Amino acid sequence: QVQLVESGGGLVQAGGSLRLSCAASIRAFSSYGMGWFRQAPGKEREFVAAIRRSGTSTNYANSVKARFTISRDNAKNTVYLQMNSLKAEDTAVYYCAAVLDVASNSDYYYIRARSYAYWGQGTQVTVSS
């Protein structure tokens, strides 16, 4: 059974940093593409960042480019989201997600929430202005 457990959320002042972690209990974790999504109150879930199984291909939402960095440690079955220069509008519940990474899939496939098979429970990030 696949489980994804996010951690690292919390309350931070605007301009601060947080690092989210997502620990995955997945056999052959290195075969999975991983994504981070977020959902603010009253809004739809939105894409934040994604990383292919190799770790060399990443994608970001325009709103977080140059501020957030997604990475993975396949030896630890963990994906990370380093968030710098946080803004009040980054406040949301952050979810990690996993799906088998098929080489023929385009990077766009991993930007769509409906592409993902497994989801974590989420971790709250609150940025005070």
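## A walk through an eleven-strand model

Let's start at glutamate 44, which sits in the loop between β4 (32-39) and β5 (46-51); strands here are DSSP runs of E with at least two residues, helices are runs of H or I with at least four, and both are numbered from the N terminus. Keep in mind that this is a predicted model, where local features need pLDDT of at least 70, side-chain atom pairs count only at pLDDT 80 or more, and totals for chains, interfaces and linings use all residues. Residues are numbered from 1 along each chain as its sequence is written, and side-chain values use heavy atoms, with hydrogens and water left out.

Back to that loop. Glutamate 44 has a relative accessibility of 70%, so it counts as exposed; the cut-offs are under 20% relative accessible area for buried, over 50% for exposed, and partly exposed in between, using a 1.4 Å probe and protein chains only. If you skip its neighbours within four places in sequence, glutamate 44 is in contact with Arg38 and Gln39, where contact means heavy atoms within 4.5 Å. From glutamate 44 to leucine 86 you travel 42 residues in sequence and 20 Å in space, C-alpha to C-alpha.

Now zoom out. The protein has eleven strands and zero helices, so reading from the N terminus you simply meet one β element after another. What radius of gyration would a compact globule of 129 residues have? The rule, 2.2 Å times the number of residues to the power 0.38, with the radius taken over C-alpha atoms, puts it near 14 Å, and the protein agrees at 14 Å. Along the principal axes, the C-alpha atoms fill a box of roughly 40 × 25 × 25 Å.

Of the 129 residues, 42% count as buried. Taking contacts in the protein with a separation of 6 or more, 61% come from residues 24 or more positions apart. On the outside, the protein exposes about 6600 Å², with carbon and sulfur atoms supplying 46% of that; these areas come from the Shrake-Rupley method with a 1.4 Å probe, and for residues only the protein chains shown count as cover.

Which cysteines are joined by a disulfide? Cysteine 22 and cysteine 96 are, at 1.9 Å from S to S, where the rule asks for a pair of cysteine sulfur atoms within 2.5 Å. Cysteine 22 belongs to strand β3 (residues 18-25) and cysteine 96 to strand β9 (residues 92-100), so the bond ties together parts that are 74 residues apart in sequence. Both of these cysteines are buried, and the count for the protein comes to one disulfide.

A couple of loops deserve a look at their backbone. Most residues other than glycine have a negative phi. Asparagine 77, though not a glycine, has a positive phi of about 55°. It lies in the loop between β7 (68-73) and β8 (78-83) and is partly exposed, at 22% relative accessible area. Serine 85 also isn't a glycine and has a positive phi of about 50°; you'll find serine 85 in the loop between β8 and β9, partly exposed at 42%.

Last stop: valine 102, in the loop between β9 and β10 (118-119). With 41% relative accessibility, valine 102 counts as partly exposed. Neighbours within four places aside, valine 102 is in contact with Arg52 and Tyr110. Valine 125 is 23 residues from valine 102 along the chain, and their C-alpha atoms are separated by 31 Å.
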